[in-house]
Amino acid sequence: MTYTPDKPQLKESLDELRARIPGWGADLDPKDRPSNPKLEFRADLSGAHWRFPDRQPDDDRRERSVEHQFLTPVYGTTCPRRGLSGAVRGLAYRRYSEGRAAHWLLLMLGDRVDAWENHLRSFATLRPDDPVTETGVLGEFSRHPIRSRFGRGRADLAHQWLDPVVVAGPWVAAGALAVKGGRSLVRNRAALAVASAGAARAAGRLAGQVRRRTSISSDTRAGGR
C-alpha cells in the first residue's frame, strides 16, 4: 500500500504484464539497470520509522486523484475548491485519471474560470483588475521586444502568437459584449420612449374623439327638445 514501508504487490504477474505490454520488463535483469544496486529495495533500510504516517483530517474540498484511495497524509489547505472553477476541478479529479488528457484539459479550463471569477470579484473592490498594466503588456514597448526574442534560441517563440489571444482575447470579448449590451439597452429605451409617446398620442386622439362624440350627442339631445 502507498505511504507504508512495505513494497507494493503487483496486481498482475510478471508474465501477464510482459504478455500485455510490449517491452515491459526490459530492465528486470540487474545487469541492464545502471541504478543497481543503489535502488535495491531493502525493507530494513527503508528509513520509515512508522507503519503509516499521521494523517490530517479529511477535507472534502481537497482534490483526490482516482488513483488514490484517500487523501495523502499531508496536503495543502490554502487553496480549497470554490465556485464554478472548483466544480470543474472536482470533476477532473473525480471522473478522470491523471493519465487522461481530459483530466488536464478540465484543470486548464478550471484555471481560466478561476481567473475570471477573481476578475469579476475584483470589480466589487476599490482596486479592480487592470488588464493593461497588470499583464505587463506595456513592457513590450520599452524592454527590447524584438532584440529579446530573436537570435537567442527562445523556446516560447513557437506559441508566442497565441499569448495575446489567451490573455487579451477574453478582455476584448467581454468589452465587445458590454458595448453590445449597452447599445441594445439604449435602443430598447429609445424604442420604449417612442412607443410611450405613440401610446400617449393615441390616447390623446381617442380622448378627443370621445369628447367630440359626447359634444355631438349633447347638441342632438338639446335640439330635439
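What follows is a friendly exchange about a predicted model, built around helix pairing, a nonpolar core and a loop residue.

Trainee: How do you know that the span of helix α3 agrees with its number of residues?

Mentor: Helix α3 covers residues 101-122, which is 22 residues. The expected span is 1.5 Å times one less than that number, so α3 should reach 32 Å. Its end C-alpha atoms lie 32 Å apart, and therefore the two values agree.

Trainee: Which residues of α3 are buried?

Mentor: They are His103, Leu106, Leu107, Gly110, Val113, Glu117, His119 and Ser122. As a general point, an α-helix has 3.6 residues a turn, so residues three or four places apart point the same way.

Trainee: Why is α2 called roughly antiparallel to α3?

Mentor: Their axes cross at roughly 170° and come within 8 Å. Angles over 145 degrees count as roughly antiparallel, so α2 and α3 earn that description.

Trainee: What makes the contact between α2 and α3?

Mentor: On the α2 side, Gly83, Leu84, Ser85, Val88, Arg89, Leu91, Ala92 and Tyr93 take part. From α3, the partners include His103, Leu106, Leu107, Gly110 and Glu117. Sorted by class, this contact holds nine nonpolar, four polar and four charged residues.

Trainee: What makes up the largest nonpolar core?

Mentor: Five residues do: Val88, Ala92, Tyr93, Leu106 and Leu107. Both α2 (83-95) and α3 give two or more residues to this core, and α2 gives the most, with three. They count as a core because they are buried and joined through side-chain atoms within 4.5 Å. More broadly, nonpolar side chains tend to be buried together in soluble globular proteins.

Trainee: Which residues does Tyr93 touch, leaving aside neighbours within four places in sequence?

Mentor: Tyr93 is in contact with Glu63, Arg64, Ser65, Val66, Glu98, His103 and Leu107.

Trainee: And Gln160, in the loop between α3 and α4 (163-224): why is Gln160 called buried?

Mentor: Its relative accessible area is 17%. Buried means under 20%, so Gln160 qualifies. Setting aside neighbours within four places in sequence, Gln160 contacts Arg149 and Arg154. From C-alpha to C-alpha, Gln160 and Arg149 are 10.0 Å apart, with their positions 11 residues apart in sequence.

Note on methods:
Residues numbered from 1 in each chain as written. Predicted model: local features only at pLDDT ≥ 70, side-chain atom pairs only at ≥ 80, totals over all residues. Heavy atoms only, no water. Helix = DSSP H or I, 4+ residues; strand = E, 2+ residues; numbered from the N terminus. Buried < 20%, exposed > 50% of the residue type's maximum accessible area, 1.4 Å probe, protein only. Contact = heavy atoms within 4.5 Å. Axes fitted to C-alpha atoms, helices over the stretch in contact; angles between N-to-C directions. Parallel < 35°, antiparallel > 145°, perpendicular 65-115°, else oblique. Nonpolar A, V, L, I, M, F, W, Y, C, P; charged D, E, K, R; others polar.
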